[in-house]
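Reader: I'm new to this one, so could you walk me through it slowly?

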Amino acid sequence: MADPSAEPLDDRWRQTHLGRLLGHALRRFDARVLQLMARSAEAPLALSNLAAREQVGAAHVHLTRHLSPAGDRLTALAARAGMTKQSMAALVDQCEAWGLVVREADPHDARARTVRYTPLGLSWREAFRQAVAQAEAEFRAEVGAEVATVVALGLEAYAGADGALA
């Protein structure tokens, strides 16, 4: 019987498993979205400059993905984004300092505050929407329409299976 420790280990799986590939794809996609936003005519100039200097990161994109146009309570926003309330509060603080969002009294609960986009934040959100559309179009062009459709359907089914897309 051969000594198992003498056999070379096949470690390729660590570099090519689905989770790693998804992570790389997400980082590449988010980086492209930020790059497009840095050059966007829709994005407010100060925020485009922040994106160009890489001061805006994936966390800011994460907030933009999850904050509804009507606004949200911080706890609901954090839960939807899969972040702790403390981490989301720090992110909202920074976005508030940049003029993207504002905290207002919740009309349904005097103890609660609602995070809402400012007019500047709505411009940022529109620039984000356009950048995502462009990055998706580039993905489709790179891998082909059929592959892009299958990937999108597969990811939607996989992510939605646990209610994550709700």
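Author: We can take the sheet, then the helix packing, then the salt bridges. This is a predicted model, in which local features need pLDDT of at least 70 and side-chain atom pairs count only at pLDDT 80 or more, while totals for chains, interfaces and linings use all residues. Residues are numbered from 1 along each chain as its sequence is written, and side-chain values use heavy atoms, with hydrogens and water left out.

Reader: Okay, the sheet then: how many strands form it, and in what order?

Author: An open sheet is formed by 3 strands in the order E1-E3-E2, with antiparallel pairing. Strands (E, at least two residues) and helices (H or I, at least four) are DSSP runs numbered from the N terminus, and two strands pair if DSSP finds at least two bridges between them.

Reader: Which ones are the edge strands?

Author: Those are strand E1 (72-73) and strand E2 (101-106), each of which pairs on one side only.

Reader: And over how many bridges do E2 and E3 pair?

Author: E2 and strand E3, residues 109-117, are paired in the antiparallel sense over 6 bridges, and a hairpin through 2 residues joins E2 to E3. Asp106 stands opposite Asp109 of E3, Arg103 is opposite Val115, and Val101 has Tyr117 in E3 as its bridge partner.

Reader: What about E1 and E3, over how many bridges do they pair?

Author: E1 and E3 pair over 2 bridges, in the antiparallel sense, and Asp72 has Val115 of E3 as its bridge partner.

Reader: Switching to helices, at what angle do H2 and H7 pack?

Author: Helix H2 (residues 18-38) and helix H7 (residues 119-143) pack at about 125°, with axes 8 Å apart; the axes are lines fitted to C-alpha atoms, for helices over the stretch in contact, and angles run from 0 to 180 degrees between N-to-C directions. H2 and H7 are therefore oblique to each other, since angles under 35 degrees count as roughly parallel, over 145 as roughly antiparallel, 65 to 115 as roughly perpendicular and the rest as oblique.

Reader: Which residues of H2 make the contact?

Author: On H2 they are Arg28, Phe29, Arg32, Val33, Leu36 and Met37, and those of H7 include Trp124, Phe128 and Glu138, where contact means heavy atoms within 4.5 Å.

Reader: Where is there a salt bridge with Glu138?

Author: The side chains of Glu138 and Arg32 meet in one, at 2.6 Å from N to O, and this pair links distant parts of the chain, with Glu138 in helix H7 and Arg32 in helix H2, 106 residues apart. The structure holds 11 salt bridges, each a side-chain nitrogen of Lys or Arg within 4 Å of a carboxyl oxygen of Asp or Glu.

Reader: Last one: how do H5 and H6 pack?

Author: Helix H5 (residues 74-81) and helix H6 (residues 85-97) pack at an angle of about 105°, their axes 9 Å apart, and are therefore roughly perpendicular to each other.
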